[in-house]
Amino acid sequence: MNKNALAVIYGNTPKKMVLEILNYLNIEDNIKSKNSLIGIKPNLVVSKPSTSGATTSPEIVAGIIEYLNCKGFYNLTILEGSWVGDRTSRAFKECGYVDLSKHYNVPLIDLQRDSYRQYKIDGICINICDKAMELDYLINVPVLKGHCQTYLTCALKNLKGCIPDSEKRRFHSMGLHKPIACLNKILKQDLIIVDGIMGDLSFEEGGNPVQMNRIIVAKDPVLVDSYAADLIGINIDDIPYIKLAEALGVGSADLAKAEIIEINKDSVTERISSARKIQKLAKYINEDSACSACYGSLIHALARLDEQGGLSLLKDKLYIGQGYKGKTFKGIGIGNCAKGGDIYVKGCPPSAGDILKVIQ
C-alpha cells in the first residue's frame with residue numbers, strides 16, 4: 001500500500017469489512033517480523049458504546065486481531081488512555097474491550113497508569129507514555145467524528161490517548177493544534193484504520209451519531225485527516241494541526257495527489273433512530289431509499305451550513321436516494337441517483353464538502 005493511498009470500504013458489518021479490506025491490502029507485508037510488538041490504539045475517550053458515535057467499535061478491533069492472528073502475528077496489545085474526565089479501565093469495560101481481551105487473549109494497557117518520558121520537537125517538550133513508544137508497529141483506530149474545539153478528531157488527534165493526563169491538560173493550555181502536530185512527529189503510526197461507521201456530528205463525547213457506514217485504511221495520518229475533513233464538510237484551514245503536521249513532515253494534505261481505492265459501493269439503506277439534532281436537519285431532506293453513506297454526508301453538510309447561519313436561508317428542496325433514479329424534479333439532487341434535479345451533486349457517495357459547494 002502506497003503512502004498516498006486511501007482505501008475505503010462501505011457497509012455496516014464492521015468485522016467482516018475490516019477483514020475484507022485488510023485482505024485486499026496485504027498490510028502484513030509492512031510488518032518486520034512475526035515477533036514484532038503490534039499495538040492497536042482505539043478511541044475510547046469516554047465510557048460509551050460505539051453506537052453513541054464516540055468510541056471505536058470493538059468489532060473493528062476484533063477483525064484486526066483475527067486478521068493478524070491468521071497471518072501469524074500474536075504479539076499484540078490494545079492500549080489507550082481515556083480523557084481526563086473518565087477512567088480507561090471503565091471505558092475498556094463499558095466499550096466491550098474487556099470481553100474482547102479475554103476472547104482473543106490480547107492484553108489491555110491502561111496508559112493513564114503508564115510511566116512516561118519527555119521528548120522535544122520544534123521547541124516543544126512533550127511527555128509520551130512509554131508503552132506507546134516501545135511498539136514496533138502502531139495501528140491507530142480512530143473514530144471519524146466532529147469535535148467542539150478542533151472541528152474534527154480522527155487520526156492525528158487520536159494519539160492524544162498516548163500521553164499522560166497531566167499532558168492532556170497542558171495540550172489544551174497550549175491551544176491543542178501545535179502540540180498535536182508535534183506529538184505525531186515523535187510517535188509514528190504505521191497504519192490507520194478509521195472507524196467511520198458511526199461518528200458524532202459535532203462532539204467528541206458522542207450523543208448525535210451519524211451513520212457514515214465506511215472504514216478507511218491508510219498510512220498517512222495527515223492525508224487521512226484531510227480526507228476526513230472533506231467527508232464531514234470542514235475546510236482543513238479551519239483545523240490548523242493538519243497543516244502544522246504537514247509542515248513537520250508527518251504527511252501530505254494534498255488530496256489531489258491521493259489514490260482513492262474504493263473496495264465496494266454502499267448499499268445499506270437501514271438507519272438508526274436519529275437524535276433530536278439529526279431530526280432537525282432531516283426536515284430539509286426529501287429521501288427515498290438513500291444509502292446511509294450518502295445520507296450521512298448530507299446530514300454533515302446541513303450541520304455545517306447551520307453552523308454558518310445559512311440553513312434557514314436554504315430555499316431549494318434536497319432530494320436523495322435510489323428512489324429518484326430516472327426521475328426529474330425541481331430542486332437539488334444529492335448523489336448520482338438524484339441527478340434529475342435542476343442541479344445535482346455528483347458522487348456515490350459525495351462528500352459533505354462537495355455538497356456544501358452546491359447548497360451554500
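This briefing walks through the interior, two buried elements, a cavity and a few backbone details of the structure above. The model is predicted. Its largest nonpolar core holds 80 residues, and a second, separate core holds 40. One cavity of 30 Å³ or more is present, and the peptide bond from C348 to P349 is cis.

**The two nonpolar cores**

- In soluble globular proteins, nonpolar side chains tend to be buried together.
- Within the largest nonpolar core, I126, L152, I242, L302, I334 and I359 are the residues that touch the most other members.
- Helix α12 supplies the largest share of this core, with nine residues.
- I359 is a handy place to start looking: beyond its neighbours within four places in sequence, I359 is in contact with A301, L302, L305, L314, L318 and I332.
- The second core is separate from the largest one, and its members include A7, I64, V106 and M198.

**I64, a member of the second core**

- I64 belongs to helix α2, which covers residues 58-70.
- Is I64 buried or exposed? I64 counts as buried because its relative accessible area is 1%, and the cut-off for buried is under 20%.
- Leaving out residues up to four places away in sequence, I64 touches V18, L22, I40, I139, V141 and I193.
- Two of these partners, I139 and V141, point one way from strand β7, together with Y137.
- For a sense of scale, the C-alpha atoms of I64 and V358 are separated by 38 Å, and these two residues are 294 residues apart along the chain.

**Strand β7 and its partners**

- Strand β7 runs over residues 137-141, and five of its five residues are buried.
- Y137, I139 and V141 point one way from β7, while L138 and N140 point the other way.
- With β2, strand β7 pairs in the parallel sense over five bridges.
- In this region, P42 stands opposite V141 of β7.
- Strand β10 (residues 191-200) also pairs with β7 in the parallel sense, over two bridges.
- On the β10 side, L191 is the bridge partner of I139.

**Helix α8**

- Helix α8 spans residues 177-186 and is mostly covered, with seven of its 10 residues buried.
- The buried residues of α8 are H177, P179, I180, A181, C182, L183 and N184.
- Which elements do the buried residues of α8 pack against? They pack against β5 (116-121), β6 (124-129), α6 (155-158), α7 (165-173) and α10 (240-247).
- H177 lies in α8 and counts as buried because its relative accessibility is 16%, with the cut-off set at under 20%.
- Not counting residues up to four places away in sequence, H177 touches T150, I239, P240, Y241 and L244.

**The cavity**

- The largest cavity has a volume of about 100 Å³.
- Its lining is made up of 13 residues, and V210, Q211, R271, S274 and I278 lie nearest the centre.
- The elements giving two or more residues to this lining are β11 (209-218) and α12 (292-307).
- Helix α12 gives the most to the lining, with four residues.
- By type, the lining residues divide into seven nonpolar, five polar and one charged.
- Helix α12 therefore has a part in two of the topics here, since it gives four residues to this lining and nine to the largest nonpolar core.

**Backbone details worth a look**

- Most residues other than glycine have a negative phi, and most peptide bonds are trans.
- The peptide bond from C348 to P349 is cis, with omega near 0°.
- P349 sits in the loop between β16 (343-345) and α13 (352-359).
- N26 is not a glycine, yet has a positive phi of about 50°.
- Where is N26 found? N26 is in the loop between α1 (14-25) and β2 (38-42).
- N26 counts as partly exposed because its relative accessibility is 33%, which falls between the cut-offs of 20% and 50%.
- D122 also has a positive phi of about 50° although it is not a glycine.
- D122 is placed in the loop between β5 and β6.
- At 47% relative accessibility, D122 counts as partly exposed.

Technical notes
Residues are numbered from 1 along each chain as its sequence is written. This is a predicted model: local features need pLDDT of at least 70, side-chain atom pairs count only at pLDDT 80 or more; totals for chains, interfaces and linings use all residues. Side-chain values use heavy atoms; hydrogens and water are left out. On a 1 Å grid over the protein atoms alone, a cavity is a set of points where a 1.4 Å probe fits but cannot get out, and a pocket is an open set with protein on both sides within 12 Å along at least five of seven lines; lining residues have an atom within 4 Å of a point. Grid points are joined across faces, edges and corners, and a volume is the space filled by probe spheres set on the points. Ala, Val, Leu, Ile, Met, Phe, Trp, Tyr, Cys and Pro count as nonpolar, Asp, Glu, Lys and Arg as charged, and the others, Gly among them, as polar. Buried means under 20% relative accessible area, exposed over 50%, partly exposed in between (1.4 Å probe, protein chains only). Contact means heavy atoms within 4.5 Å. A nonpolar core is a set of buried Ala, Val, Leu, Ile, Met, Phe, Trp, Tyr and Cys residues joined through side-chain atoms within 4.5 Å. Two strands pair if DSSP finds at least two bridges between them.
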